[in-house]
Amino acid sequence: MKAIVCAAYGPPEVLRLAEVEKPRTGAHDILVRVHAAGISDSDSLIRGWKVPKVWFPLRLVFGIRRPRVILGAEVSGEVVEVGARVTRFRPGDEVMATTGLRGGGCAEYVRLPDGGRKLPWHSLIVAKPRNLSHAEAATIPGRAMLASFFLAQGGTLTGKHVLIYGASGGVGTFAVQLARQAGAAVIGVCGLKNLELVRSLGASRVLDYTNPSEQAGGPYDVIFDAAGTRKPSPLKERCRAALAPGGTWISVDARAVIPIAHLERIRDLIESGAIRPVLDRTFSPTEAVDAHRYVETGHKRGGIAMVFVP
Ligand SMILES: NC(=O)c1ccc[n+]([C@@H]2O[C@H](COP(=O)([O-])OP(=O)(O)OC[C@H]3O[C@@H](n4cnc5c(N)ncnc54)[C@H](OP(=O)(O)O)[C@@H]3O)[C@@H](O)[C@H]2O)c1
């Protein structure tokens, strides 16, 4: 089968489309024909090994000299084989999933162990939302779960003033909608070209961090920095000062999150039309280098996907 592999740890140019062995399934596994794989900064972090030094032991998992795992932690596709002990899925089912720490999503087929939900090497698999394309669905699992996981730290959001910093990115577009869905008054922060998008997702007001005279407003009960610590701006500091006394500041980089739950609820919200993924661009497997370069601009709008079955 074809898969995206890395010739070394390094810049996007280390990526290759190569022929590799198709995965074999065990009794507790399903084999999914990948229609689309989400690509995010999580892939570029591993490819470029841009991680804290304390993560070095993880090279035992990802590969000592080069990433021996196939990248890709989010997929959408069709079940083509199920192991003897699998009861939840049948061939022909359309699913979206995270692959856990094992990666493997950027390939024509991925093996997903259906053994549980709480261990980093298990995958989290749910039925694909019926109202979405595979490319749209592939952008959901990781980013939506990060948004859901971190927003939950703000407690009950009903009636609160919630500011989402980085509202136009993969995590931010979900955070705006989930906070709105929870009954919060949502204020978004993004760049000029995305103000309309963020408004359309449910923000009552949108601030432009590229405008030097933009005021933070507030006070805010909860501020979620969905852009991350590597994306600072003077406005972010002004927002920090606009946190209400006793308010909660949440950073998407506060801790590494292994997706463990939330995906069924997100699927249901999407199928009911309450929230939607924002698909920025799609890439073919021959455009893996371009896809990673695009992610590394830090300005993707929602999510991007690599499409294996057009
Ligand atoms: N905790 C974890 O386990 C974990 C895992 C993965 C990722 N993360 C973190 O999550 C962050 C967000 O991921 P993502 O996929 O949502 O990123 P992303 O989609 O690449 O973010 C792109 C968005 O960031 C916005 N942006 C760029 N520079 C900005 C700035 N200085 N101020 C405000 N917004 C800015 C851009 O807005 P404009 O184009 O409108 O300027 C763009 O819409 C990552 O950067 C990483 O730090 C955490």
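**Notebook: helix 5, its sheet and the ligand shell**

I began with helix 5, which lies across strand 8, strand 9 (185–190) and strand 11 and runs at about 170° to strand 8. I note that the model I am reading is a predicted one.

**Entry 1: the sheet**

I next looked up the sheet that contains these strands. I found an open sheet of five strands, in the order 10-9-8-11-12, with parallel pairing. I recorded strand 10 (205–208) and strand 12 (243–251) as the edge strands, since each of them pairs on one side only. From one strand to the next, I read an average twist of 20°.

I then examined one pair more closely. Strand 8 (residues 161–165) and strand 11 (residues 220–225) are paired in the parallel sense, over four bridges. For valine 162, I located the bridge partner in strand 11, and it is valine 222. As background, I note that strands of a sheet pair through backbone hydrogen bonds, either parallel or antiparallel.

**Entry 2: the ligand**

Which residues come nearest to the ligand? Of the 29 residues around the ligand, I listed Ser168, Gly169, Gly170, Gly191 and Gly228 as those that come nearest. I then asked which elements give two or more residues to this shell. They are helix 1 (41–48), helix 4 (141–151) and helix 5 (170–181). Helix 5, where I started, gives the most, with three residues.

By class, I entered the shell as nine nonpolar, 13 polar and seven charged residues. I also checked the shell against the domains: at least three residues come from each of domain 1 (2–140 + 277–307) and domain 2 (144–251).

**Entry 3: the two domains**

I turned to the domain assignment itself, which gives domain 1 (2–140 + 277–307) and domain 2 (144–251). I read a distance of 28 Å between the C-alpha centres of domain 1 and domain 2. To the contact between them, domain 1 contributes nine residues and domain 2 contributes eight residues. On the side of domain 1 that touches domain 2, I recorded two nonpolar, five polar and two charged residues.

**Entry 4: the whole chain**

Last, I looked at the chain as a whole. I noted nine helices and 14 strands. The radius of gyration is 19 Å, close to the 19 Å that the globule rule gives for 310 residues, so I entered the chain as being as compact as a globular protein of that length. Along its principal axes, the C-alpha trace spans about 55 × 40 × 35 Å.

Methods
Residues numbered from 1 in each chain as written. Predicted model: local features only at pLDDT ≥ 70, side-chain atom pairs only at ≥ 80, totals over all residues. Near = placed C-beta within 6 Å. Nonpolar A, V, L, I, M, F, W, Y, C, P; charged D, E, K, R; others polar. Domains from an automatic or database assignment. Pairing = 2+ DSSP bridges. Axes fitted to C-alpha atoms, helices over the stretch in contact; angles between N-to-C directions. Contact = placed C-beta atoms within 7 Å. Rg over C-alpha atoms; globule rule 2.2 N^0.38 Å.
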